[in-house]
Amino acid sequence: MSSATLSPDAVKADTPIPVRAHLRHTGALIRRNLLWIRQDPESMFDAILFPVVFTLLFVYVFGGSIGQSLGGGQDRYVQYVIPGLLAMMGMNMAQGVGTGFNQDFNSGVMDRFRSLPIGRGSVLFAKIAVELMRMLFATVVLLVVALLVGYDVHSWSGLLAAVGLSAVFGSALMWVFLTLGVVMKSAQSVQAMGFLVLMPLQFGSSIFAPTASMPGWLQAFTDYNPLSALADCARGLMEGGPVAHPLWVTLIWSVGLTALMAPVAVHKFRTKS
Amino acid sequence: MTRIDDNPAGGRSAVTVRGLVKHYGETKALDGVDLDVREGTVMGVLGPNGAGKTTLVRILSTLITPDAGQALVAGYDVVRQPRQLRRVIGLTGQYASVDEKLPGWENLYLIGRLLDLSRKDARARADELLERFSLTEAARRPAGTYSGGMRRRLDLAASMIGRPAVLYLDEPTTGLDPRTRNEVWDEVKAMVGDGVTVLLTTQYMEEAEQLASELTVVDRGKVIAKGGIEELKARVGGRTLRVRPVDPLQLRPLAGMLDELGITGLAATTVDTETGTLLVPILSDEQLTAVVGAVTARGITISSITTELPSLDEVFLSLTGHRAGAPQDATPADSRVEVAV
């Protein structure tokens, strides 16, 4: 081993990447992710099937009886569940982001990206941007199905606000799933992990049914479940009702998750060997 | 202080590595590696699986950081100036790192855009490189439908988009059939003709001989030999001539005769009774001719005569006295042990 020290030609700090270049790189990577969808349209199936299946399942299987307990019928339940489903759309799309990301890593194409002079965040931002587009698409599908099963839109502005909130919460969760996608070995385990975590959170919340009839210990859980706040907020915005408190809870969770997990995701992505 | 251009081999250094160390727990992937690659040359890094070749390439392409030591590529420090460094390198990985879902053209266009080419320039560069690597007809097909050779060519094209000063080829032909391998070699030779500096890692002596002008042999994270190809070949005994007389009883007399003539290379002639062949280490074509002449003069009928390049195993044996990746004190079990020593 030689003890000689090398002196670089220009010993100066690394040049930062200009913002415009960041945007250009992210744009190029968004184009790539959209081409993936064009090449493999089946990857959009979940965005179509999820809103259709969930809406039909809950409205027609549980709608009658839960509607009764709400003091109405099935149509009463439609007004209850659609805001909940809309709120969880961002979350459901977030789940898929880790799987796709994991596949990228296993294919070696990520090595090429990481050996290029681009900001490491560009790859992650592009992924999130495309997932948000998928989420908007799924939301449109949901609205079409909702109108078909008789949903009455009370407030279009409230509806748009709920979609925005769902997107905010969904993108916060995407950082969690991106981290899982980088850390975990296979796409299947990322998917299984997402399912295991989200399933109890979704059903142990006020998304599908009012929590009043649940046992005390479960209510304690649902009260602190951020998905309850998310669903309650969407319901308040779309149907009328309290908005301020659930909105704060949802926003604090979103900001907290992003602040915590975005640096972790970028760091894991940067140091993955 | 050693200036970057104080290269012992002479000429400006494109890659300079001093005392590079990378450990993974107990495993010393790199254990103090020094390396100098002169501008415009092809440096072959030869070693078995697990020798640390890929770790070296990954450090030099900023994918991982070293635990100790220093490395400069085109004057940029791998740790302190990764962004500037990434602008001047091209990487072709062991596993063709193209996006299989994207068409060939889109793969190249994407990388052009990521390298800050304008839309127009990225389009033109993609067209140009597809043409050059004979992929124009497959430009619109997803890379996943390409054959192994086409995929490697696309991978090479992708690493050339930014006109890199230094190109890393990490085992570019591993897993390819011989015909495709030759295709890839031709492409690499053409690229070298354009003046790019190449760092090639390989497990095959033949590949190193085809492409590299200088060779660094690594084993278990350490450099065990370096020098010009011819020089190293001489040290490991050059080629081996395999002569098979029709009558196996002729083997020993033939061996004795050749030893007496003293025309063989560094090592002694060996008899491989199992295959009924005589192994003659030779250094030059003149020696080959002399052996054939001697065999003919004695009137011995032979059924086959072939020349073989030393295998990686033999190179290692002769350089280190042990088999590639095996512990120092292991006794080689092969009957041809003596061949290259």
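## Inside helix α10

Which residues of α10(A) are buried? In this predicted model, they are A:Pro246, A:Thr250, A:Ser254, A:Met261, A:Ala262, A:Ala265, A:Val266 and A:Phe269. And what covers them? Among the elements doing that job are α5 (120-148), α6 (156-183) and α9 (226-239) of chain A.

One of those buried residues, A:Met261, also marks a kink of about 30° in the helix. The proline A:Pro263 comes shortly after that point. As for length, α10 of chain A covers residues 244-271, and its 28 residues should span 40 Å because each adds 1.5 Å. The C-alpha atoms at its ends are indeed 40 Å apart, so expectation and model agree.

## Chain A as a whole

Step back, and chain A turns out to have 10 helices and 0 strands. Reading from the N terminus, you simply meet one α element after another. Its C-alpha trace spans about 80 × 40 × 35 Å along the principal axes.

Of the 273 residues in chain A, 42% are buried. Take the contacts with a separation of 6 or more: 77% of them link residues 24 or more positions apart.

## The sheet in chain B

Over in chain B there's an open sheet of 4 strands, in the order β2-β1-β4-β5, with antiparallel pairing. Its edges are β2 (27-38) and β5 (76-77), each of which pairs on one side only.

At the β5 end, strand β4 (residues 68-73) of chain B lies antiparallel to β5(B), and 2 bridges join the two. Here B:Val73 sits opposite B:Tyr76 of β5(B).

Terms used: Residues numbered from 1 in each chain as written. Chains lettered and ligands numbered in written order. Predicted model: local features only at pLDDT ≥ 70, side-chain atom pairs only at ≥ 80, totals over all residues. Pairing = 2+ DSSP bridges. Buried ≥ 20, exposed ≤ 12 C-beta atoms within 10 Å, placed from the backbone. Contact = placed C-beta atoms within 7 Å. Expected span 1.5 Å × (residues − 1). Bend = angle between axes of the 7 residues up to and from the residue.
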